Amino acid sequence: MKRKCDRCARPATHHSVEIIQGKKIEKHLCDEHASEEGLAIKSIHTPINELLTNFVKIHSSGEADQPTPGGVCEGCGLTFAQFRKDSLLGCPDCYKAFEQPLSTLLERAHEGGTHHIGKVPRRAGAGEQRQAMLMRMRKQLNAAVVGEDYELAARLRDDIHRFEEESS
Amino acid sequence: MSLHNYTDHAGEWLRGTGPHSDIVISSRVRLARNIAGFPFVAKSSRRQRHEVLAACKERIVSDRLAPNILWVDLTQSPALDRQLLVERHLISRQHAKARDDAPRAVAVGSDETFAIMVNEEDHLRMQVMRSGLQLSEAFDQINRIDDILEDHIDYAYARRFGYLTACPTNVGTGLRVSVMLHLPALKITGEIDKVRRAARDMHLAVRGLFGEGSDALGDLYQISNQTTLGKAEEEVLADFQNTIVPQIIAYEQQARQALMRHREAEFDDKLWRAWALLTHARVMGGEEVLSLLSHLRLAVNLGRVNRTDIRTINELFLLTQSGHLQKISGCEMDAPTRRAARARLLRQRLGGDAEHS
């Protein structure tokens, strides 16, 4: 059911039913009249999906002639343009590769939050080096499988397994 | 333990017990985690997804985590099983609907209080659900599970951004806290829009029964945090437990009182009509049943109708859904057959008029 605003011809977006002294008072108002009435507060925050799309729009305008605006992640080959399209990053390295453009987006999406506060994995100390090492080894493994060098692949798989067990 | 045990009862989170369970149906916390050294799921090759799946299975299906964990390989499971899991809130719609051959799974704890999706948007999406308002209990449990998995899995983590996730809206703690609230009186009085707007201003998401994009069928609303970066887990939990949820509960209670004071006859009529239809109808639609059950739940909570109890009603919210109905009857049914079966199940469970069944 599409209702018009009580005060103008625009569609009503705010509906309220109040019961005052046993009488039911219904109000149907558009955004503008609702905020005039004090029924609605002009929203400061927009939902995140909208934010992402808007962000993407802002940052994609006028950059069309650059081959890869925002750069490429060396870890997985994702371009910033692809991220804009799907709102999904490709790998942990993307956070480093796109740190700058991401910062603005993160700040808006997380109520101004720019740095992590909270739980830290117990093994986080040496973590980032270990992660980089694992990423490298798994990439080599992938290349070995694609190149059908199964001997090398088997060796790498053992190495990865040993490396993982070292810390456990 | 198999999916067949799932058809005659609801999960632990629908028990209808726990603090404030008249309004708070359930509390849920979930953590998003990724394994270091792999691309995120969408960018992973088939082989990498299989590797992640195998590594996670080895770590998850162990007695250290919990006894009798059910591991469901979704690549091989029939569509009806996946629908059952969605209805029970054990997997997301996205996880159910992914390409049939996409390597992915879910691990479910024996009482269904926890579930871990593997290879959804992130390598690991783990959740704990509890009946009523029990967020800190739920968080303690998920935190323990996370600690145990972390002993053997290197998580993708960076000092500045915290736990790294495929979508930057989850980065940081990877924590999503949500409560499912039954707000029929706010809906009847039209005040629910105010709650929605207030929630949005507090940077919270309001969704329907089945999460993103679903309508608030049965007057059930899920409210969840959207901020995961720059806010500690405890802070998010405390906001929900001490401020957000108690406030909405108070609004709903006021609306219930106002309805009883000012519109008693019409209100009672609405509640009893729900009872009458649920116990006598011969054909019942999937959306209609949710709205009638909502009114019956309200009636029982307010003591206006005392011919059934909350637990039975909570269970019916689940068992009358299409996947469950078909699983109960043991065969696939077309829509008209389902509507008749739904009405029959309601009459059986609510002790209604059973003739011609």
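Before I start, one term: I call a residue buried if 20 or more other C-beta atoms lie within 10 Å of its own. The model I am showing is predicted.

Let me begin with helix 7 of chain B. Its buried residues are B:E233, B:V236, B:F240, B:V245, B:I248, B:Y251, B:E252, B:A255, B:R256 and B:L259. In an α-helix there are 3.6 residues to a turn, so residues three or four places apart point the same way. You can keep that in mind when reading the list.

How far should helix 7 of chain B span, at 1.5 Å a residue? For its 30 residues the figure is 44 Å, and the end C-alpha atoms are 42 Å apart, so the two agree. The helix does have a kink, of about 40 degrees, centred on B:F240. B:F240 is also one of the buried residues I listed.

Next, the contact between the chains. Chain B puts in 45 residues and chain A puts in 48. On the chain B side, the elements giving two or more residues are strand 6 (157-158), helix 6 (192-201) and helix 7 (233-262). Which of them gives the most? That is helix 6 of chain B, with four residues. By class, this side of chain B has 17 nonpolar, 15 polar and 13 charged residues.

Last, chain A. It has seven helices and two strands. Starting at the N terminus, the order is β-β-α-α-α-α-α-α-α. Chain A has 168 residues, and 22% of them count as buried. Taking contacts within chain A between residues at least 6 apart in sequence, 25% join residues at least 24 apart.

Terms used. Residues are numbered from 1 along each chain as its sequence is written. Chains are lettered from A and ligands numbered from 1 in the order in which they are written. This is a predicted model: local features need pLDDT of at least 70, side-chain atom pairs count only at pLDDT 80 or more; totals for chains, interfaces and linings use all residues. Two residues are in contact if their C-beta atoms, placed from the backbone, lie within 7 Å. Ala, Val, Leu, Ile, Met, Phe, Trp, Tyr, Cys and Pro count as nonpolar, Asp, Glu, Lys and Arg as charged, and the others, Gly among them, as polar. A residue is buried if 20 or more other C-beta atoms lie within 10 Å of its own, exposed if 12 or fewer, and partly exposed in between; C-beta atoms are placed from the backbone. The expected span of a helix is 1.5 Å times one less than its number of residues. The bend at a residue is the angle between axes fitted to the seven residues ending there and the seven starting there.
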